[in-house]
Amino acid sequence: MDGSLPPKAAFDVDALRAEFPILSRQINGRPLVYLDSAASAQKPRAVIGAMTRAMEGSYSNVHRGLHTLANETTEAYEKARESVAHLINADPSEIVFTKGATEAINLVAASLGLSLQAGDEIVLSEMEHHANILPWHFLRERKGIVLKFVPVTDEGALDLSALPALLGPRTKVIALTHMSNVTGSVTDVAAVVAAARSVGAKVLLDGCQAIVHQRVDVKALGVDFYVFSGHKLYGPTGIGALYGRAEVLADMPPYQGGGEMIGSVALDAITYADPPHRFEAGTPPILEAIGLGAAIDWLQGLDREAIAAHEHALYARAVERLSGHNWLRILGTAPGKGAILSFTVEGAHAHDVAQILDRYGIAVRAGAHCAEPLMRRFGVTSSARASFALYNTLEEADAFAEALIKTRTFFA
Ligand SMILES: Cc1ncc(COP(=O)(O)O)c(C=O)c1O
């Protein structure tokens, strides 16, 4: 062993597609074109197989048994934690399994919130998913915490030139999306971290979308928290991860109480386990964690740069095929954005657009994308969204553009 990584398989979209059984489905008599991966990605056989094998061959509860199956399952569960840690260059003790990104942000807000005082400030942005707004609003309602918002440019990027004026001695946390689920624009994390350090604030990044499309190194980013959901990363639902910097997690009180998060329990006193177990009360989503570990191991075996280039090519192809149609408005045109195409069609409601596209076998999302403040910023109530993933093809990007152009004729 010379320490070098094994060679990555060449990027072959047809071979990759064959690993996703659902992609051979027909929808309304046409081949499925799945362009809703930003909401939830499809699952490769590696994930389906790992979860099935666990259920069929080695399943038990974790951490509390002395028998063989309990030990095997505990090992598989902790190995999944190692896979998550490896993916983002963290230590396994810094990875807390949660139900998803939403629960991870609620955990951080609830736990940090215990030590916040009325008048303390949290900085968010106009571009956040509701999962990164509501938990902080709870602190505003319940504790008098002040929320401030980084504005969004017309291109759909964060206007970080406004950030310094939003910060002060009472800023405790800056919580931002790493990549917008609506515009696909990517946050300049270095600028945010530098600004946060100048006032001693912690930084939380919502990595739900970014982690799918780019490599993430939490140490290089220098953030305190990073959260994501497994189901968007080709893993199962019901599992996500919270990365917390070791020193930060060590100081945080637990979020929920129950089995496995304790040091000791007496009738008049309790002590807590060390992180990460302090934050994993009760039986965790064992099978889901194993599935997420399998998804990550599978993804790590692929060439992530080649995937990113492929996804960008898909996005560029769809935009090119749709160019020149002035009834189409694309929300989010910032340079370096991810392969997420949100749009409105003049004279048509986004729900109608999505339903007509479905007749062509094309699955897109429509609505406010759990980002009502951003919709308001763009002066719309909803949009449709095509999101591209590693298993989409250029032919699918073409099929989407052609179907959308036909869809327009229903409303012209
Ligand atoms: C940017 C972003 N943050 C948070 C979430 C919430 O993820 P989940 O519902 O899996 O907890 C999503 C899901 O769409 C998202 O795209």
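This dialogue concerns the ligand and the empty space in a predicted model.

Trainee: Which residues surround the ligand, and what makes a residue count as near a molecule?

Mentor: A residue is near if one of its heavy atoms lies within 4 Å of the molecule. The residues that surround the ligand include His-129, Asn-181, Asp-206, Gln-209, Ser-229 and Lys-232. The shell as a whole divides into three nonpolar, seven polar and two charged residues.

Trainee: Why is the pair formed by Asp-206 and the ligand called a polar contact?

Mentor: A nitrogen atom of the ligand is 2.5 Å from an N or O atom in the side chain of Asp-206. The cut-off for such a pair is 3.5 Å, so the pair is a polar contact. An oxygen atom of the ligand also lies 2.7 Å from a polar side-chain atom of Gln-209, and for Ser-229 the corresponding distance to a ligand oxygen atom is 2.6 Å. The protein covers 85% of the 390 Å² of accessible area that the ligand has on its own.

Trainee: What is the space taken by the ligand called?

Mentor: That space is the largest pocket. A pocket is an open set of points, whereas in a cavity the probe fits but cannot get out.

Trainee: How many cavities of 30 Å³ or more does the structure hold, and what lines the largest cavity?

Mentor: The structure holds one cavity of 30 Å³ or more, and about 40 Å³ of space lies in the largest cavity. Among the residues that line the largest cavity are Ser-37, Gln-209, Lys-232 and Phe-388. The lining divides into four nonpolar, three polar and one charged.

Definitions and conventions:
Residues are numbered from 1 along each chain as its sequence is written. This is a predicted model: local features need pLDDT of at least 70, side-chain atom pairs count only at pLDDT 80 or more; totals for chains, interfaces and linings use all residues. Side-chain values use heavy atoms; hydrogens and water are left out. A polar contact is a pair of N or O atoms within 3.5 Å; within protein, one must be able to donate a hydrogen and the other to accept it, and residues adjacent in sequence count only if both atoms are side-chain atoms. Accessible areas come from the Shrake-Rupley method with a 1.4 Å probe; for residues, only the protein chains shown count as cover. On a 1 Å grid over the protein atoms alone, a cavity is a set of points where a 1.4 Å probe fits but cannot get out, and a pocket is an open set with protein on both sides within 12 Å along at least five of seven lines; lining residues have an atom within 4 Å of a point. A molecule sits in a cavity or pocket if more than half of its atoms lie within 2 Å of its grid points. Ala, Val, Leu, Ile, Met, Phe, Trp, Tyr, Cys and Pro count as nonpolar, Asp, Glu, Lys and Arg as charged, and the others, Gly among them, as polar. Grid points are joined across faces, edges and corners, and a volume is the space filled by probe spheres set on the points.
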